[in-house]
Amino acid sequence: MKHWQSVRAVILPAAIAFIMLALLMGLQSQARYKVGAVAAAIPYHSRELSDAGLVDSLTDLPLHLKISRADYDEGALTLDIKLSDPPETAAEVYEDIASIMSFTFEGTDNVQQLYLRVVAIDRWGGKRYMLLASNMNKDAWDLRNAEALTQLENGDVPPSIAAALNLTFTNLWVKQFSSP
């Protein structure tokens with residue numbers, strides 16, 4: 001009988017320790033799971049555009065064209081987007097212009113002016129040719145004009161939309177994209 005008392009004296013604390021250890025390991029794995037679910041560095045999403053975050057902000061835009069130049073200076077965003085070789089369609093260019101304008105005036109709080117140019121770059125000489133330009137102010141921005149721009153199928157923009165978005169077309173644009 002004394003033998004069972006000594007075995008019970010060892011087994012009972014061992015069983016309690018085993019149960020406590022299992023509970024602690026369960027809590028530790030839950031705590032580890034919770035810690036693992038939290039990002040180590042939470043990115044700061046700001047609607048304020050700056051030179052420091054300009055590239056990061058613009059890389060998230062789903063564009064057909066590539067951005068060849070970007071600059072932000074005291075409320076003014078300057079962007080050059082370039083046609084590739086072979087060039088995109090006019091509809092793709094219009095979609096990109098609408099996306100950039102929407103991002104600029106709806107996705108940011110501190111951009112008041114957008115200077116946008118569509119350029120073609122001569123692949124042999126590197127010379128830049130401007131095809132289209134826009135100088136748009138946030139006060140004149142209307143999302144309906146950008147939506148109308150994305151609905152166009154050919155290179156011809158109605159004068160009312162061109163005036164509202166302050167689009168200027170060069171002869172190179174007309175030669176490349178206007179319907180005959």
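Select Leu172 first, and display the residues around it: leaving aside residues up to four places away in sequence, Leu172 touches Tyr129, Met130 and Leu131. The model on screen is a predicted one. Leu172 lies in helix H6, which covers residues 171-177. Colouring by accessibility places Leu172 in the partly exposed class, because its relative accessibility is 38% and that class lies between the limits of 20% and 50%. Keep Leu172 selected and add Ala120. The two C-alpha atoms are 9.4 Å apart, while 52 residues separate Leu172 and Ala120 in sequence.

Next, select Asn166. This residue is found in the loop between helix H5 (159-164) and strand S5 (167-169). What is the sign of phi at Asn166? Phi of Asn166 is positive, near 55°, in a residue other than glycine. For background, most residues other than glycine have a negative phi. As to its surroundings, Asn166 is partly exposed, with a relative accessible area of 35%.

Move now to Glu74, where the backbone again merits inspection. Glu74 is not a glycine, yet it has a positive phi of about 45°. The residue belongs to the loop between S1 and strand S2, the latter spanning 76-82. Is Glu74 buried or exposed? Glu74 is exposed, since its relative accessible area is 78% and the exposed class begins over 50%.

With Glu74 still selected, add Asp51, Asp71 and Asp73, and switch to a surface representation. Together, Asp51, Asp71, Asp73 and Glu74 form a negative surface patch. Within this group, Asp73 is found in strand S1, residues 66-73. Its relative accessible area of 48% makes Asp73 partly exposed, whereas Glu74 is exposed.

Finally, release the selection and view the whole chain as a cartoon. How many helices and strands does the chain have? There are six helices and five strands. Traced from the N terminus, the elements follow the order α-α-β-β-α-β-β-α-α-β-α. The chain has 180 residues, of which 31% count as buried. A contact display adds a further view: among contacts between residues at least 6 apart in sequence, 59% join residues at least 24 apart. Rendered as a surface, the chain has an accessible area of about 11,900 Å², and carbon and sulfur atoms account for 59% of this surface.

Methods. Residues are numbered from 1 along each chain as its sequence is written. This is a predicted model: local features need pLDDT of at least 70, side-chain atom pairs count only at pLDDT 80 or more; totals for chains, interfaces and linings use all residues. Side-chain values use heavy atoms; hydrogens and water are left out. Patches are made of residues with over 30% relative accessible area and no salt bridge: like charges are joined within 9 Å, nonpolar side chains (Val, Leu, Ile, Met, Phe, Trp, Tyr) within 5 Å. Accessible areas come from the Shrake-Rupley method with a 1.4 Å probe; for residues, only the protein chains shown count as cover. A salt bridge is a side-chain nitrogen of Lys or Arg within 4 Å of a carboxyl oxygen of Asp or Glu. Lys and Arg count as positive and Asp and Glu as negative; His and the chain ends are not counted. The place of a charge is taken as NZ of Lys, CZ of Arg, CG of Asp or CD of Glu. Helices (H or I, at least four residues) and strands (E, at least two) are DSSP runs, numbered from the N terminus. Buried means under 20% relative accessible area, exposed over 50%, partly exposed in between (1.4 Å probe, protein chains only). Contact means heavy atoms within 4.5 Å.
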